[in-house]
Amino acid sequence: LTDLRKYYSANAPYNTSVLAHDKAAAMFGVRPWKPLTINYVFNYLKSGWDRDYYKSPSSNYEVDEKSYRHYVLATYKKGNFKASPYFFYNNFKKDYSYAAVGKPNQFKEKKNYTTGIDVQNHNQFGDFRLLYGATYIYEKQDEDNETVSGSSSKGYSISHTIWDNKRSQGSLFAQGEFKATQNLTLTAGVRLAAVWPDKDKFEDTYEVVPQVQGLYRLNQNNSIYANVGRGFKAPTFGQLYIDRDKWEPNPDLEPEHGWTYELGWKTDQDRFSATIAAFYMDFKDKLSSKWQENLQAYQYVNMDKFSSAGVQIKTRLNFTDSLSLHLNGYAADPKEESGGVETQAGAKYQISPGLFYDDGVFSAGVYAELVVDRERGLPDYTNVHLNAGYLITKWMKLKVQVDNLLDDKDQVIYGNMTPGNPTIYATYDPGLWIMAGVEVYFDLL
């Protein structure tokens, strides 16, 4: 896959191509006794990419990447009680090799550990239903970044940056649902969220996150609803400690928080269903990537303000029991502000039509993504996808998937193409991509 990411710079323009990759995955589950299920997932990926500088071929380099991921999930469910402990481990390593004669190779290795548990229960008291529970997550990241500096004339030196980060997150939550009348249902909930980072670096964070919703049935087929909720999200380890080409870490990020408001209408007819909703979001400290002139790199930062208002729609029309037409989309005006400068934060319009067929044996679908008036000067985006499957037996299925059906290689997936921006870059869609194979289901019990 060539010419996927282009960096337009007067001094050092370059292109990035993706190397061939190998991928393997396995999953199995077992139920040693009725209330308990244990699942294990393994993923292996070997890939890479090369960087070609048009004006300076001696600056070219190649990166080989390997990733091993292990995920274990146990679920205990008895009655209304459910507990789900889990463990995740990821080992990710990158090896760099350079075209420059005599320049030492370098590597970067990251090890992520995440473990946690989710516990919840619910009780019914007449017309009142109570859901309550708790979550706990422990995260740890060990990272060793090796950097080569210098030149062939003055000599090279190798330095190491060691990251050893850890934190815990937890929450207590309760949600009550009350059927006030035959047609009116009220829901109210609250979550106490907490983030306990490395105490040598940062202070603990606590946030009360409430949410209230009302649903009123106008008649058998139509209802209206309204909800107001508090949003709270801690930055990910990737946002805090990302350290790669043209990206710098920012360990001083704060959690983002704000309010969301929604008013909507739902209908469910014999063959037609739809949801139309107006929404408004008002956040502070929302996380976003920003070019930092002093670092000559991108960095995640907390924006001063973020807001978005608009309308979203989701519809489905069933022509027959097997054939249906879907139409989803939104129109919005997302804005973010940093340092007194307001910019567009996302695409203003998106629509996704799709036609799907499924008779239980043969299935097929074609759908499109149309994104208009995008952020950072990005061009409008249209992509068409196709998928199909044929069930040979109950344990074997033929599958075909096609991405970018129109084979448009000039579509920009991500980037910054704002006129006058000194760091214009673009990541392009690779064009027509066809995948075909056989899916086999093993049930060993």
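Me: How much area does the protein expose, and what share of it do carbon and sulfur atoms supply?
Reply: In this predicted model, the exposed area of the protein comes to about 25700 Å². Of that area, the part supplied by carbon and sulfur atoms is 56%.

Me: Is the pair of rings of Trp-49 and Tyr-61 stacked or edge-to-face?
Reply: The whole structure holds 21 aromatic pairs. In the pair made by Trp-49 and Tyr-61, the ring centres are 5.9 Å apart and the planes stand at 65°. Planes over 60 degrees apart count as edge-to-face, so this pair of Trp-49 and Tyr-61 is edge-to-face.

Me: How many residues apart in sequence are the parts that Trp-49 and Tyr-61 tie together?
Reply: Both Trp-49 and Tyr-61 are buried. Trp-49 belongs to strand E4 (residues 36-53), while Tyr-61 belongs to strand E5 (residues 61-78), so the parts tied together by the pair are apart in sequence by 12 residues.

Me: Which residue, Tyr-414 or Tyr-425, counts as buried?
Reply: The rings of these two residues form a tilted pair, with centres 6.4 Å apart and planes at 55°. Tyr-414 has a relative accessible area of 33% and is partly exposed. Buried means under 20% relative accessible area, and with a relative accessibility of 3% the residue that counts as buried is Tyr-425.

Me: Which residue in the turn between E19 and E20 has a positive phi?
Reply: Strands E19 (residues 335-338) and E20 (residues 341-344) run antiparallel and are joined by 4 bridges. They form a hairpin with 2 residues between them, and the turn residue with a positive phi, about 60°, is Gly-339.

Note on methods:
Residues are numbered from 1 along each chain as its sequence is written. This is a predicted model: local features need pLDDT of at least 70, side-chain atom pairs count only at pLDDT 80 or more; totals for chains, interfaces and linings use all residues. Side-chain values use heavy atoms; hydrogens and water are left out. Accessible areas come from the Shrake-Rupley method with a 1.4 Å probe; for residues, only the protein chains shown count as cover. Two strands pair if DSSP finds at least two bridges between them. Rings of Phe, Tyr and Trp (its six-membered ring) pair if their centres lie within 6.5 Å; planes under 30 degrees apart count as stacked, over 60 as edge-to-face and the rest as tilted. Buried means under 20% relative accessible area, exposed over 50%, partly exposed in between (1.4 Å probe, protein chains only).
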